[in-house]
Amino acid sequence: MEKPKIALYWCSSCGGCEESVLDLAEDLLDLAESVDVLFWPVAIDMKYHDVEMIPDGGITATLINGAVRMDNQEQMAKILRKKSQLIIAHGSCAHLGGVVGLANFFERRGILNRSFKEVPTVKNSEGVLPGNETKESRKELGLPHFHNTVKALDQVIEVDYYIPGCPPTPQLIKKALLAILHGGLPLKGSVLAEKKALCYFCSRKESKPDMIEIKRFKRLYEEEWDPARCFLDQGLICLGPATRGGCAERCIKANMPCRGCFGPPDKVTDQGAKTLSFLASLFKSTNEKELKRLFNSIPDPAGLFYRYGLASSILKGKMIRQ
Ligand code: SF4
Ligand code: SF4
């Protein structure tokens, strides 16, 4: 019997999601037995031309990680969409734009200037910025176009399922692959994790009081944190109330508060707005000056609220004017 055919691809990615596949450990051997991997740039030397030769719909499922910033990524995502029966957005960057999407707070030119002119370790006396075409040793070289904004995968192609996380846990990847191979996938468009917020599953939830009043948000380095008590009750921002569960509490178990990489739970549209709303509910003062002082004790609010989801949030690509 023919084996199901799998492909893996990365766009603007740190490589962590590729590592998360390796974290399948010995399960990787079973996977290798049960599927044919047709395309996986990080592991197999194949050319784009080889992918174009695959018949439309010839790949059972393609896992794509990373956000979309360059036109070669967009082009490959579109080709893989045509070639694949299922497209799975693998990890926060493909799911929501991820950390890479924070670049949407800045303009394209500002990013290029910073990276190629202003960084102290860069020597670029002529102020040359990367272009689409360049001549090197009399050879014409083409470079992919760097788009104005970062996009989540479903802003470029239709996505069938999402595996959340930065990176996703091997358990979630395994579960998703088993469902693809043996049936049992939920409704199209589902995020393959829990539907409810992390607090609902958190081992510290019993210590979370019904009413919390915050006088000042503390920073991680300030204290030794009680490993059994809810972070919010200790005055430390934890994004558990605005974040989808299913991460196996990796951060909480390491005594680190949740930073939101699983994105918003079902029925929450915007994780940043939800975070702002639950944090505001912890401010009991009605004095404007006091409220300002409290808000100012939140370190980097935009970066904190939208660390993983700016590109797919209601703000999308809005930029902070410097
Ligand atoms: S989701 Fe996280 S681990 Fe995966 S590519 Fe993006 S930054 Fe890296
Ligand atoms: S706020 Fe954080 S520590 Fe507290 S119950 Fe929710 S996830 Fe757990």
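A residue is called buried here when its relative accessible area is under 20%, and exposed when that value is over 50%. With this in mind, helix H6, which spans residues 108-118, offers a good place to start in this predicted model. Ile111, Leu112 and Asn113 of helix H6 are buried. The cover over the buried residues of H6 includes two strands, E4 (68-70) and E8 (146-151).

The surroundings of the two ligands come next. Ligand 1 has around it Ser13, Cys14, Gly16, Cys17, Ser92, Cys93, Gly165, Cys166 and Pro167. Helices H1 and H5 each contribute at least two residues to this shell. Sorted by class, the shell around ligand 1 holds five nonpolar and four polar residues, and no charged ones.

Ligand 2 has another set of residues about it: Leu198, Cys199, Cys202, Lys205, Lys208, Cys230, Phe231, Leu232, Cys238, Gly240 and Pro241. Eight of the residues in the shell around ligand 2 are nonpolar, one is polar and two are charged. The largest cavity is the space that ligand 2 takes up.

Several members of the shell around ligand 1 can be followed further. Serine 92, listed among the residues around ligand 1, belongs to helix H5, which covers residues 92-96. Serine 92 counts as buried because its relative accessibility is 1%, which is under the 20% limit. Beyond its neighbours within four places in sequence, serine 92 is in contact with Gly97, Gly98, Gly165, Cys166, Cys261 and Tyr308. Two of these contacts, Gly165 and Cys166, are also listed around ligand 1.

Cysteine 166 leads on to a feature of the backbone. The peptide bond that joins cysteine 166 to proline 167 is cis, with omega at about -10°. Proline 167 itself lies in a loop, with strand E9 (161-163) on one side and helix H7 (170-182) on the other. Both cysteine 166 and proline 167 appear in the shell around ligand 1.

Proline 167 is also one of the residues touched by serine 20. Serine 20 has its place in helix H1 and is buried, because its relative accessible area is 1%. Setting aside residues up to four places away in sequence, serine 20 touches His90, Pro167, Pro168, Pro170 and Ile173. With histidine 90, the link is a polar contact between the two side chains, at 3.1 Å. For a sense of scale, serine 20 and valine 156 are 136 residues apart in sequence, while their C-alpha atoms are 24 Å apart in space.

Another buried serine sits in a loop. Serine 12 is found between strand E1 (5-10) and helix H1 (16-22). Serine 12 is classed as buried because its relative accessible area, 16%, falls under 20%. The side chain of serine 12 makes a polar contact of 3.2 Å with the side chain of glutamine 73. Residues up to four places away in sequence not counted, serine 12 touches Gly66, Ala67, Arg69, Gln73, Cys93 and Val100. One of these, Cys93, is listed around ligand 1 as well.

Helix H7, which follows the loop of proline 167, is the place of leucine 172. Leucine 172 is buried, with a relative accessible area of 10%. Apart from residues up to four places away in sequence, leucine 172 touches Ile163, Pro164, Leu192, Ala193, Gly246 and Phe262. Between leucine 172 and isoleucine 6 there are 17 Å in space, C-alpha to C-alpha, and the two are 166 residues apart in sequence.

Two loop residues complete the description. Lysine 267 has a phi near 75°, a positive value in a residue that is not glycine. Lysine 267 is in the loop between helix H8 (250-253) and helix H9 (271-280), and is exposed, with a relative accessible area of 87%. Aspartate 300 likewise has a positive phi, of about 45°, although it is not a glycine. The loop holding aspartate 300 runs between helix H10 (288-296) and helix H11 (301-305). Aspartate 300 counts as exposed because its relative accessibility is 53%, a value over the 50% limit.

Methods. Residues are numbered from 1 along each chain as its sequence is written. Chains are lettered from A and ligands numbered from 1 in the order in which they are written. This is a predicted model: local features need pLDDT of at least 70, side-chain atom pairs count only at pLDDT 80 or more; totals for chains, interfaces and linings use all residues. Side-chain values use heavy atoms; hydrogens and water are left out. Helices (H or I, at least four residues) and strands (E, at least two) are DSSP runs, numbered from the N terminus. Buried means under 20% relative accessible area, exposed over 50%, partly exposed in between (1.4 Å probe, protein chains only). Contact means heavy atoms within 4.5 Å. A polar contact is a pair of N or O atoms within 3.5 Å; within protein, one must be able to donate a hydrogen and the other to accept it, and residues adjacent in sequence count only if both atoms are side-chain atoms. A residue is near a molecule or strand if one of its heavy atoms lies within 4 Å of it. On a 1 Å grid over the protein atoms alone, a cavity is a set of points where a 1.4 Å probe fits but cannot get out, and a pocket is an open set with protein on both sides within 12 Å along at least five of seven lines; lining residues have an atom within 4 Å of a point. A molecule sits in a cavity or pocket if more than half of its atoms lie within 2 Å of its grid points. Ala, Val, Leu, Ile, Met, Phe, Trp, Tyr, Cys and Pro count as nonpolar, Asp, Glu, Lys and Arg as charged, and the others, Gly among them, as polar.
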